[in-house]
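Dear colleague,

Please find the structure below, handed over for your review. My findings follow directly after it.

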Amino acid sequence: MTGRTGPLASKPDGPPTLDVDALLDDRGTRIVVCCGSGGVGKTTTSAAIALRAAERGRKVVVLTIDPARRLAQSMGIETLDNTPRPVPGVNPDGGGSLDAMMLDMKSTFDEVVESQASAEKAAQILANPFYVALSTSFAGTQEYMAMEKLGQLDRDRQKSGRWDLIVVDTPPSRSALDFLDAPERLSSFLDGRFIRILLAPARGPAKLMTAGLSMVTGALTKVLGAQVLRDMQTFVAAFDTLFGGFRQRAQKTFELLQAPGTAFLVVASPEPDALREAAYFVERLREERMPLAGLVVNRVHAAAPGALSADAALGAAEQLADSEYEGDVLARALLRLHADRGRIVSRELRLRRRFTAAHPGVPAASVPALSTDVHDLDGLRLVAELLAG
């Protein structure tokens, strides 16, 4: 696999084991990106490794993009916003620190506009109805702004030294690949043919408005309405000088993700769709020459050592099928529950082995399924300890 592979230990009967502590203790690791499909525990994983890194001496900021705001609750912070805030309760003995923040998509977009345009033009853009819609609901904007905020944090890290490690919880997209595709998608939209058509009247004299272009804008007026089309044209005309800047910033952030100091952790659950998405992401990282540290599989069910197999448990339950004694009824129910769990364990093991067979060089770590939700720092510490093995 192209790119740096994360710290690992040999494991004769399975994939190489991801050494999370070695990854976090390596001062060359400056950015950890937790990626994967929605609902696999990226937020918890990001918060747990950020906390562990801080309590092992790193100065950490964790950026989350989580609408449920579970991270704020688990870290004892009432609200998270676009400003990094210290997390109370972090053990200071190691000399580290932990700040947390939540991406505000529109505020980040506004910051980009204000930094790239004059005050007058920025005010014109920010007040435009089409810009408001674009900055809050356009597909891919959240993923792009996550990468934009990552770039801002990295520049702050280099300038101030406030942090030496950035942990990123990627957006809960339908596809894990959206995080990598969003910058190109947004910059292509802003520089695309449709935008050029809208911009043509503002760029040249009226004589350049050909009959064909007049027909297109006339059709757009019928579909969108005259006011919406005027808002779009006004926005595009004001935004024209920033197009190149967006593409340039997207390219710089992409290069940052390819840099040796970045480490990707692909997060999954032991389910077919999640592991399939993880496999796609691993392959994409290889294609893009991005440094993969390893795979984290959350909520794994494991069989107790020496426990009955699912078939043996079902067989024992069948032997008690005709008994009406209270103890036998209870034993039969417990044996069937044990068999159900055994089938789950076997299915998860098959799925993980299938992933390993397809990607034998990817270091992996797993976190057992917990009986309760993670809602505080102690819960995050437990997850981190399990993740670190």
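**Findings: a helix pair and a strand**

The crossing of helices H4 and H5 is right-handed. Please keep in mind throughout that the model is predicted.

Helix H4 covers residues 105-116 and helix H5 residues 119-126, and their axes come within 8 Å of each other. The crossing angle is roughly 150 degrees. An angle over 145 degrees counts as roughly antiparallel, and H4 and H5 are therefore roughly antiparallel to each other.

On the H4 side, the contact is made by Asp110, Val113 and Glu114. H5 contributes Ala122, Ile125 and Leu126. Of the residues in this contact, four are nonpolar and two are charged, while none is polar.

The second finding concerns strand E7, which comprises residues 165-169. Five of its five residues are buried, so E7 is largely enclosed by the rest of the structure. Leu165, Val167 and Asp169 point one way from the strand, whereas Ile166 and Val168 point the other way. The residues on both sides are buried, the charged Asp169 included.

Which strands pair with E7? Strand E3, residues 31-35, does so in the parallel sense over four bridges. In this pairing, Ile31 stands opposite Ile166 of E7. Strand E4, residues 59-64, is also joined to E7 by four bridges, and E4 and E7 run parallel. Here Val62 is the residue opposite Val167 of E7.

With kind regards

Methods: Residues are numbered from 1 along each chain as its sequence is written. This is a predicted model: local features need pLDDT of at least 70, side-chain atom pairs count only at pLDDT 80 or more; totals for chains, interfaces and linings use all residues. Side-chain values use heavy atoms; hydrogens and water are left out. Axes are lines fitted to C-alpha atoms, for helices over the stretch in contact, and angles run from 0 to 180 degrees between N-to-C directions. Helices (H or I, at least four residues) and strands (E, at least two) are DSSP runs, numbered from the N terminus. Angles under 35 degrees count as roughly parallel, over 145 as roughly antiparallel, 65 to 115 as roughly perpendicular and the rest as oblique. A crossing is left-handed if the near helix is turned anticlockwise from the far one by less than a right angle, and right-handed if clockwise. Contact means heavy atoms within 4.5 Å. Buried means under 20% relative accessible area, exposed over 50%, partly exposed in between (1.4 Å probe, protein chains only). Two strands pair if DSSP finds at least two bridges between them.
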